[in-house]
Number of protein chains: 2
Amino acid sequence: MAGAPTLAVDAMGGDHAPGAVVGGLEIAAERHPEMRFLLVGDTARLQPLLTRYRRAARSAVLRHAAEVIGDEMKPTAALRVRNASMRVAIDAVAAGDAAGVISAGNTGALLALSKIVIKTLPGIDRPAMAAVGPSERGDVIMLDLGANVTCDVRNLVEFAVMGDVFARTVLGLPAPTIGLLNVGSEEMKGGEQLRDAAEILKESALGPQFRGFVEGYDIAAGTTDVIVTDGFTGNVALKTGEGALKLVRGLLRQVFESSLSARLGYLLARPALDRLREWLDPRRYNGAVMLGLNGVVVKSHGGTDAEGFAHALDVAMDMVLHGFNDGMRAGLERMGRLDAPGGRKEAGGGQPLAPVL
Amino acid sequence: MAGAPTLAVDAMGGDHAPGAVVGGLEIAAERHPEMRFLLVGDTARLQPLLTRYRRAARSAVLRHAAEVIGDEMKPTAALRVRNASMRVAIDAVAAGDAAGVISAGNTGALLALSKIVIKTLPGIDRPAMAAVGPSERGDVIMLDLGANVTCDVRNLVEFAVMGDVFARTVLGLPAPTIGLLNVGSEEMKGGEQLRDAAEILKESALGPQFRGFVEGYDIAAGTTDVIVTDGFTGNVALKTGEGALKLVRGLLRQVFESSLSARLGYLLARPALDRLREWLDPRRYNGAVMLGLNGVVVKSHGGTDAEGFAHALDVAMDMVLHGFNDGMRAGLERMGRLDAPGGRKEAGGGQPLAPVL
């Protein structure tokens with residue numbers, strides 16, 4: 001792909017499309033004026049928006065797509081809608097017109113289409129969904145968040161590689177620590193698969209960064225920078241944590257509305273409370289990334305506003321500008337080949353999955 | 001078992017034993033003066049405590065046990081320590097001297113010893129660990145929390161029965177709603193096992209209370225009164241939610257210490273903030289219950305204080321006094337027999353697992 005770094009943007013995905021998408025582009029374009037955007041959707045609706053959003057207009061090129069993939073559409077059905085905005089944006093990545101794609105549309109469709117059209121990186125069995133969240137010690141990246149409901153040992157090891165590369169290239173951590181999510185006491189320790197994955201990681205190039213098993217508490221505690229788990233557990237953990245934070249936000253609102261003196265108290269503590277609110281703002285963590293594909297794929301929350309979409313764009317731009325996929329290739333090489341069936345230690349050609357560094 | 005309702009108490013389990021245990025007994029004895037306690041442990045250490053805690057002394061009878069099962073001891077090793085306080089307390093339930101047992105000691109050992117010594121209720125394949133937590137709409141009970149890392153369809157259905165009976169007898173809900181924990185979008189929906197369990201529950205006596213699949217968000221939202229999941233997922237979800245709440249508590253402390261006006265704001269909002277803190281206090285939710293056994297088994301958090309231990313005692317006393325296990329037997333009968341292998345719909349004697357009510 002020649003020319004300026006380009007991101008294909010599904011302009012029609014999400015509850016507030018295309019307004020929130022173009023509004024988000026306006027914000028993101030200011031942060032990264034060197035980025036170019038291929039804005040895909042109904043040009044008749046997008047043109048008027050671009051006259052309002054000048055910076056977005058300067059950074060974006062329009063590409064028409066007549067259809068939209070609805071939130072309720074099953075991935076198998078979505079595959080057949082070839083002129084949908086999401087599909088045309090994904091096709092642009094496969095064709096080399098863009099280094100990545102971002103959409104606030106149907107998650108299942110985005111994942112399925114990306115897998116089929118963009119395809120996985122050589123050496124990666126299955127892509128994973130990852131996201132960054134807040135913790136006591138700074139940002140934590142967790143994966144998989146639902147792309148793979150069941151995972152084998154190999155998948156878990158690959159997730160660790162992807163998480164490591166993401167934390168290095170996007171979060172800028174020189175040697176991110178990695179934990180494998182498990183349950184509490186000795187008696188209850190998770191299955192053979194987790195033990196095997198831990199064993200492989202310990203002996204691998206990631207060994208010095210691997211901190212072994214972590215528990216649910218460790219996600220918000222920030223015990224490790226990267227949390228690796230299967231897609232079912234990760235999806236439940238992510239949403240449980242978000243739900244708990246939402247509960248507290250709602251309760252705090254009630255507290256500060258409960259009496260006149262509580263209202264006054266709120267006003268006095270407001271600067272610090274606002275910083276806390278901003279820090280925990282789900283919009284700041286918007287942008288789940290689909291890792292392991294032949295291009296950058298970012299999913300914005302469907303219900304987000306322009307500010308939130310801009311954050312997801314930031315993640316996508318960082319991945320493109322910091323060469324996430326080059327990092328992935330290097331990371332996989334460092335790990336040695338993982339492509340033996342079932343994640344066994346013997347890799348293709350009889351080579352053991354040995355630490356390379 | 002004749003006489004007053006009695007609870008066997010492992011006096012030596014937990015980080016602050018026996019002080020926190022006897023202190024908790026003192027509080028709990030005031031709430032339920034009709035309860036009797038069999039206090040098991042090192043009598044040389046317990047006697048002096050009982051001279052300080054008068055109410056506890058009036059409600060409790062001592063039984064000597066020389067040994068203690070350490071937190072790091074594996075369940076297989078714990079099984080061999082026959083004169084450990086936890087073991088002697090569990091033996092008292094099996095012998096009919098007590099209707100239930102409570103311990104703040106080693107979770108894995110408590111579970112393993114209870115299974116072997118007290119045994120499961122007829123018709124129950126595997127016991128489950130459950131706990132109550134806060135939500136937007138009141139208390140929510142979730143199970144399994146780690147007793148069973150892998151579960152089959154039958155186990156999940158049994159967990160729903162246990163959760164229903166617990167919510168009725170301990171939380172006092174006349175028709176608790178039940179949800180089966182799953183992941184988000186269509187594409188990602190959890191495996192066949194969850195679909196089968198949902199199908200069985202829908203057709204069962206619990207059908208009218210069953211709300212189908214719920215997600216991680218729904219735990220703190222309180223979408224259903226009972227959340228059913230496998231022990232791995234439940235353990236991770238519980239600890240993730242607790243971790244998130246702990247994160248916010250820490251951040252709020254920082255907020256209110258960040259400036260003079262924030263301190264003043266805290267003082268003004270204090271009555272409402274204190275109510276919130278109290279409502280979210282982990283001690284208020286202390287006491288994980290092991291359901292499906294031939295007796296009441298409650299695990300207190302090892303690090304809790306007397307106040308927290310008293311809450312766990314409350315749960316145990318409620319289960320004993322409200323006839324939890326009679327409720328379990330009735331609940332299982334209503335459901336029909338579930339004891340066909342692999343949770344298939346055909347039950348013993350060729351009888352289908354049909355709705356009975």
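Start by selecting S300(A) in this predicted model; S300(A) sits in the loop that runs between strand 11 (296-299) and helix 12 (306-321) of chain A. Is this residue buried or exposed? Because 31 C-beta neighbours lie inside 10 Å, S300(A) counts as buried, the cut-off for that class being 20 or more. Show the residues around S300(A), leaving out those up to four places away in sequence, and the contacts will include G14(A), I102(A), S103(A) and A104(A), as well as N286(A), G287(A), G308(A), F309(A) and A312(A). Add N106(A) to the selection: its C-alpha atom is separated from that of S300(A) by 9.8 Å, although the two residues are 194 residues apart along the chain.

Next, move to the backbone of chain A. Select L143(A) and D144(A), whose connecting peptide bond is cis, with omega near 0°; D144(A) belongs to the loop between strand 6 (140-143) and helix 7 (153-169) of chain A. Then pick K119(A), which has a positive phi of about 70° although it is not a glycine, and which is placed in the loop between helix 6 (107-118) and strand 5 (128-133) of chain A. Most residues other than glycine have a negative phi, and most peptide bonds are trans. K119(A) is partly exposed, since 15 other C-beta atoms lie within 10 Å.

Now cross to chain B and select K119(B), where phi is again positive at about 70° in a residue that is not a glycine; K119(B) occupies the loop between helix 6 and strand 5 (128-133) of chain B. Another backbone feature to display in this chain is the cis peptide bond from A17(B) to P18(B), with omega near -5°, and P18(B) is found in the loop between strand 1 (6-10) and helix 1 (19-31) of chain B.

Keep chain B in view and colour its strands. An open sheet of 11 strands appears, in the order 3-2-1-4-11-10-5-6-9-7-8, with mixed pairing. Strand 3 (60-64) and strand 8 (210-214) of chain B stand at the edges with a single partner strand each, so one side of each is left without a neighbour in the sheet. Neighbouring strands of this sheet are turned by 25° against each other on average, direction ignored. Within the sheet, zoom in on strand 4 (residues 100-103) and strand 11 (residues 296-299) of chain B, which run parallel and are joined by 4 bridges; here V101(B) stands opposite V297(B) of strand 11.

Add the helices that lie on this sheet. Helix 2 (residues 43-52) of chain B packs against it, touching strand 2 (36-41) and strand 3 of chain B, and its direction makes about 160° with that of strand 3. Helix 6 of chain B lies across strand 4, strand 10 (288-291) and strand 11 of chain B, running at about 175° to strand 11.

Finally, show both chains together. Chain B can be laid on chain A with an RMSD of 0.0 Å by a turn of 180° and a shift of 0.0 Å along the axis, and the two copies are thus related as by a two-fold rotation axis. To locate that axis, select G265(B), whose C-alpha is the nearest to it in chain B, at 1.7 Å. The contact takes 59 residues from chain B and 59 residues from chain A. On the side of chain B that touches chain A, helix 10 of chain B gives the most, with 21 residues, and by class this side has 30 nonpolar, 21 polar and 8 charged residues.

Definitions and conventions:
Residues are numbered from 1 along each chain as its sequence is written. Chains are lettered from A and ligands numbered from 1 in the order in which they are written. This is a predicted model: local features need pLDDT of at least 70, side-chain atom pairs count only at pLDDT 80 or more; totals for chains, interfaces and linings use all residues. Copies are superposed by least squares on the C-alpha atoms of residues with pLDDT of at least 70 in both. Two residues are in contact if their C-beta atoms, placed from the backbone, lie within 7 Å. Helices (H or I, at least four residues) and strands (E, at least two) are DSSP runs, numbered from the N terminus. Ala, Val, Leu, Ile, Met, Phe, Trp, Tyr, Cys and Pro count as nonpolar, Asp, Glu, Lys and Arg as charged, and the others, Gly among them, as polar. Two strands pair if DSSP finds at least two bridges between them. Axes are lines fitted to C-alpha atoms, for helices over the stretch in contact, and angles run from 0 to 180 degrees between N-to-C directions. A residue is buried if 20 or more other C-beta atoms lie within 10 Å of its own, exposed if 12 or fewer, and partly exposed in between; C-beta atoms are placed from the backbone.
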